[in-house]
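User: Got a minute to walk me through this one? I'd like to start with a helix and then get to the ligand.

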Amino acid sequence: MDRFQILGGSPLQGEVSVSGAKNAALPILCASLLTAEPLVLSNVPRLRDVSTMKKLLAQMGTRIETVAQQPDGQEQLSLHSDAMTHLQAPYELVKTMRASVLVLGPMLARFGEALVSLPGGCAIGQRPVDQHIKGLAAMGAEIRIEHGYIKAQARRLRGARIVTDMVTVTGTENLMMAAVLAEGTTVIDNAAREPEVVDLARCLVRMGARIEGAGTDRIVIHGVDRLGGAQHAIMADRIEAGTFLCAVAAAGGDVVVCQAQPDMMGATIEKLREAGVLIQEVAQGIRVVASDRPKPMNFRTAPFPGLATDMQAQLMAVAAVATGTSIITETIFENRFMHVQELRRLGADIEVDGHTAVVKGGAGLSGARVMATDLRASAGLVIAALVASGETEIDRIYHLDRGYDRMEQKLCAIGARVSRTTEKA
Ligand code: EPU
């Protein structure tokens with residue numbers, strides 16, 4: 001299992017580039033199931049979750065080729081789902097990555113059947129998929145849960161009006177992908193407005209889908225008989241970009257985060273400005289300058305355009321070194337404070353009461369051995385380690401590799417001291 005060793009205390013300086021967004025790449029890879037023609041994707045980030053999704057699609061019969069290695073290390077892929085052999089997503093893969101459930105909508109829409117494992121437990125919360133199932137049933141699918149699997153069948157899905165009980169990102173994406181090939185019009189109300197949903201819609205439209213309102217809470221999809229091949233570039237990762245902004249906010253320095261798109265990061269930028277960090281829109285992306293310790297900030301996570309739950313741990317690391325007390329409330333997941341115990345090992349003063357964390361800045365952090373527990377928790381620990389005095393060792397870095405492309409190389413290029421140790425099993 002890989003570990004990071006981080007020597008804290010160096011300010012960050014220079015330029016860093018953001019890769020393609022994990023949470024856009026995963027549904028868009030699944031969109032290749034909707035057509036028998038090739039879907040060619042660029043800016044595909046090199047992440048463990050992307051490899052897992054490629055493995056799942058390949059196992060189902062999608063032919064995946066690397067068309068080119070981009071100069072920035074990302075890949076251009078061609079996905080060709082013309083001869084599918086297994087319309088199934090097995091437990092072994094779904095349990096390692098919940099986003100595997102995104103094959104359900106497209107498989108059912110194009111082939112009329114799907115067998116997808118129920119995801120089961122998850123570190124950050126219960127995360128059921130009842131809304132995905134409810135929406136597909138409203139579109140006429142017959143769905144049974146058998147032996148831990150979602151077994152879905154439909155001769156052809158029919159358009160329907162669906163109101164989701166809560167805002168769900170992958171739920172909206174699954175239903176949108178199902179609706180593009182349904183007969184008639186589907187309306188998804190209370191839809192997720194996340195930029196990744198919009199990027200998926202953009203790709204689907206390139207493939208011939210008729211979608212209106214992506215990016216609002218009402219998405220209207222007029223079903224078509226078939227979709228064709230297309231080319232699409234995955235949007236830049238706003239969470240990776242936000243993670244670099246937080247790293248500079250905590251460690252200090254002056255960095256340009258290239259490809260970062262400020263219009264998708266409004267809530268994070270606003271919080272960091274409240275913390276006294278200078279954030280400027282520049283031609284390449286976002287320039288972030290931090291010369292003093294951050295000021296405290298209060299926030300609640302919320303669906304887009306609110307503050308992303310995927311930024312909570314990184315902002316908490318900033319709050320841990322701020323000059324006063326911050327109050328942070330997590331509203332999306334029930335158990336997304338697992339980084340708190342580990343931040344405390346670095347000297348952070350954090351009390352948790354239910355969904356709220358009270359973070360008292362002031363005390364300096366000092367390096368220690370800590371353990372990554374999930375993807376964004378790991379990013380929070382890396383940020384705290386960049387400021388802590390002495391050396392921090394972070395175990396279980398595989399969590400970080402799920403969603404960050406070569407994080408240590410990118411950080412070292414802007415002056416951080418991070419090294420990876422690979423232990424052979
Ligand atoms: N929910 C239900 N029933 C459902 C669907 C969702 O109760 O059928 C609940 C969830 O349990 C949660 C809330 O609704 O409490 C929102 O969950 P959502 O469905 O939006 O989450 P998701 O689609 O499973 C995506 C991202 C997550 C991100 C969340 C929230 C992908 C592949 N994953 O998950 O990303 O935290 O939206 O923005 O897009 C990450 O990248 O680290 C990550 C966890």
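**Helix, ligand, sheet**

Analyst: Right after helix 8 comes Gly252, whose phi is positive, near 85°. Helices here (H or I, at least four residues) and strands (E, at least two) are DSSP runs, numbered from the N terminus.

User: Before we go on, what sort of model is this?

Analyst: This is a predicted model: local features need pLDDT of at least 70, side-chain atom pairs count only at pLDDT 80 or more, and totals for chains, interfaces and linings use all residues. Residues are numbered from 1 along each chain as its sequence is written, and side-chain values use heavy atoms, with hydrogens and water left out.

User: OK, what caps the N-terminal end of helix 8?

Analyst: Asp237 does, with a side-chain oxygen 2.9 Å from the backbone nitrogen of Ile239.

User: And how many of the residues of helix 8 are buried?

Analyst: 14 of its 14. Buried means under 20% relative accessible area, exposed over 50%, partly exposed in between (1.4 Å probe, protein chains only).

User: Switching to the ligand: how many residues surround it?

Analyst: There are 21, and the closest are Asp130, Thr168, Thr170, Asp310 and Ile332. To count, a residue needs a heavy atom within 4 Å of the ligand.

User: Which polar contacts does Asp130 make?

Analyst: A polar side-chain atom of Asp130 sits 2.7 Å from a ligand nitrogen. Thr170 puts a polar side-chain atom 2.6 Å from a ligand oxygen, and a backbone N or O atom of Pro128 is 3.3 Å from a ligand oxygen. A polar contact here is a pair of N or O atoms within 3.5 Å.

User: How much of the ligand does the protein bury?

Analyst: 88% of the 820 Å² that the ligand exposes when taken alone. Those areas come from the Shrake-Rupley method with a 1.4 Å probe.

User: Which element gives the largest share of the shell?

Analyst: Helix 5, with 3 residues. Helix 1 (22-31), helix 6 (169-179) and helix 12 (375-387) are also among the elements giving two or more.

User: Last topic, the open sheet. What's the strand order?

Analyst: The order is 6-7-9-8, with mixed pairing. Strand 6 (88-89) and strand 8 (142-146) are at the edges with a single partner strand each, so one side of each has no neighbour in the sheet. Two strands pair if DSSP finds at least two bridges between them.

User: How do strands 7 and 9 run?

Analyst: Antiparallel: 5 bridges join strand 7 (residues 113-117) to strand 9 (residues 149-153). Ala114, for one, has Ala152 in strand 9 as its bridge partner.

Definitions and conventions
Polar contact = N/O pair within 3.5 Å; in protein donor to acceptor, adjacent residues only side chain to side chain.
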